[in-house]
Amino acid sequence: MFLPASRLPLVRWLESFAGALTSVVFPAGCLLCDVLLTHARRIPLCETCLASFQKIAPPICRICGQPLPVPAKPGEGEAVCRDCVEGKFGFQLARSFGVYEGALARAIVLLKYERIEPLGSFFAMRLLELVRSDPRLLPVDVVVPVPLHSQSRKDRGYNQVDLFARTLARRLKVPYRPILLMRSRPRPEKHLLSQEERWEAVRGAFVMRRGGRVDNLRVLLLDDVMTTGATLDACARALREAGARSVLGLTIARAARPAIPVSGA
Ligand SMILES: [Zn+2]
Ligand SMILES: [Zn+2]
């Protein structure tokens with residue numbers, strides 16, 4: 001029989017063996033800046049790159065979470081952006097972890113083309129911290145990812161949103177429903193120039209699968225990047241039409257957009 005103390009060397013050996021295996025998988029270094037990773041890491045990115053992700057900081061629109069150029073004036077309450085004053089979005093609330101630029105943008109591209117599960121888990125934890133810090137985002141009843149078109153999914157082999165949304169749902173102890181929504185039209189190949197074209201491209205592109213039920217549920221809708229909000233909007237409208245009580249959008253990053261005039265609300 002082993003005493004705990006005598007087990008220690010074996011545990012240490014197993015740990016270093018596991019570390020060695022990890023460094024076999026990622027031998028070269030940080031996948032973003034090439035700096036040599038000095039010790040084995042589950043995430044193949046260095047601390048400097050991870051720490052450089054720029055978080056979305058207030059002031060933000062209290063509805064869509066878009067960063068605003070100036071805070072609301074005292075007594076005006078929380079600010080709302082022009083889009084939300086016009087009631088543009090079909091979701092009730094949207095939030096993002098960081099700004100889509102620099103190392104964060106490149107890390108998200110990595111997630112899309114290389115199935116790095118630990119990086120997905122890293123982002124799931126950042127999103128978990130975010131939803132726990134904002135009482136308006138919890139509780140939710142179900143987590144739903146923005147789906148890929150079936151052909152893109154076949155070509156790529158996985159939906160990158162699954163890599164963080166599934167872990168987030170597990171941590172929140174709510175069901176994960178990756179096949180509730182369906183993308184009926186593929187994403188257009190050509191780079192879209194205007195915001196209007198982006199909106200046009202996704203309008204009505206998402207539908208509920210037959211038999212999918214969201215009656216009276218609060219849905220947490222996950223995507224990797226929010227640009228104009230058109231994709232989250234189109235998914236939210238399909239979910240609301242199917243009976244969802246509310247839809248809360250959550251993305252890893254948000255593309256910086258030109259400053260939008262603010263009005264207090
Ligand atoms: Zn790095
Ligand atoms: Zn807004």
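Start with the place where two helices meet: Leu104, Ala107, Leu110 and Leu111 in α4 touch Leu119, Gly120 and Phe123 in α5. Everything here comes from a predicted model, so keep that in mind as you turn it around. Helix α4 covers residues 102-113 and helix α5 covers residues 117-133, and the two pack at an angle of about 130° with their axes 10 Å apart. An angle in that range is neither roughly perpendicular (65 to 115 degrees) nor roughly antiparallel (over 145), and α4 and α5 are therefore oblique to each other. If you like to track handedness, α4 passes α5 in a left-handed crossing. As for the α4 side of that contact, a bit of helix geometry is handy: an α-helix has 3.6 residues a turn, so residues three or four places apart point the same way. Look at Leu104, Ala107 and Leu111 on screen with that in mind; they belong to the α4 set that meets α5.

Stay with α5 for a moment and find Pro118, which sits in this helix. Is Pro118 buried or exposed? Its relative accessible area is 17%, and the cut-off for buried is under 20%, so Pro118 counts as buried. Leaving aside residues up to four places away in sequence, Pro118 touches Arg42 and Ile43. There is also a link in the other direction along the chain: the C-alpha atoms of Pro118 and Leu163 are 8.5 Å apart, although 45 residues separate the two in sequence.

Leu163 takes us to α7, which spans residues 162-172. Eight of the 11 residues of this helix are buried, so α7 is largely enclosed by the rest of the structure. The buried ones are Asp162, Leu163, Phe164, Ala165, Thr167, Leu168, Ala169 and Leu172. What does the covering? The elements over these buried residues include α4 and α5, our opening pair, along with β3, α6 (150-156), β6 (218-226) and β7 (246-254). Right after α7 comes Lys173, with a positive phi near 60°. Lys173 lies in the loop between α7 and β4 (181-183), and at 75% relative accessible area this lysine is exposed.

Now step back to the whole chain. The protein has nine helices and eight strands, and buried residues make up 45% of its 265 residues. Of the contacts with a separation of 6 or more, 72% are between residues 24 or more positions apart.

Next, the metals. Which residues hold the zinc ion (ligand 1)? The SG atoms of Cys30, Cys33, Cys46 and Cys49 coordinate this ion at 2.3 to 2.4 Å. The four donor atoms subtend angles of 106 to 118°, which makes the arrangement tetrahedral. In sequence, these donors follow the spacing C-x2-C-x12-C-x2-C. Cys30 lies in the loop between α1 and α2 while Cys49 is in helix α2, so this pair ties together parts that are 19 residues apart in sequence. Both Cys30 and Cys49 are buried.

The zinc ion (ligand 2) has its own set of cysteines: Cys61, Cys64, Cys81 and Cys84 donate through SG, lying 2.3 Å from the ion. This site is tetrahedral too, with angles of 104 to 117° among the four donor atoms. For comparison, the ideal angle for four tetrahedral donors is 109.5 degrees. The spacing here reads C-x2-C-x16-C-x2-C. Cys81 counts as buried at 0% relative accessibility, and Cys84 is buried as well, with a relative accessible area of 11%.

A few backbone details are left to check. Most residues other than glycine have a negative phi, and most peptide bonds are trans. Lys173, which we met above, goes against the phi trend with a positive value of about 60°. Asp34 does likewise, with phi near 75°; this aspartate sits in the loop between α1 (4-25) and α2 and is exposed, at 62% relative accessible area. As for cis peptide bonds, one runs from Pro58 to Pro59, with omega near 0°, and Pro59 is in the loop between α2 (47-51) and β1 (79-81). Another cis bond joins Leu138 and Pro139, where omega is about 0°. Pro139 falls in the loop between α5 and β3 (142-145), which brings you back to one of the helices where this tour began.

Notes. Residues are numbered from 1 along each chain as its sequence is written. Chains are lettered from A and ligands numbered from 1 in the order in which they are written. This is a predicted model: local features need pLDDT of at least 70, side-chain atom pairs count only at pLDDT 80 or more; totals for chains, interfaces and linings use all residues. Side-chain values use heavy atoms; hydrogens and water are left out. Donors are N, O and S atoms within 2.8 Å of the metal (3.2 Å for Na, K and Ca); water is not among the atoms, so sites may look incomplete. Four donors count as tetrahedral if all angles lie between 85 and 135 degrees; four count as square planar and six as octahedral if opposite donors are over 155 degrees apart and all others between 65 and 115; anything else is irregular. Buried means under 20% relative accessible area, exposed over 50%, partly exposed in between (1.4 Å probe, protein chains only). Axes are lines fitted to C-alpha atoms, for helices over the stretch in contact, and angles run from 0 to 180 degrees between N-to-C directions. Helices (H or I, at least four residues) and strands (E, at least two) are DSSP runs, numbered from the N terminus. Angles under 35 degrees count as roughly parallel, over 145 as roughly antiparallel, 65 to 115 as roughly perpendicular and the rest as oblique. A crossing is left-handed if the near helix is turned anticlockwise from the far one by less than a right angle, and right-handed if clockwise. Contact means heavy atoms within 4.5 Å.
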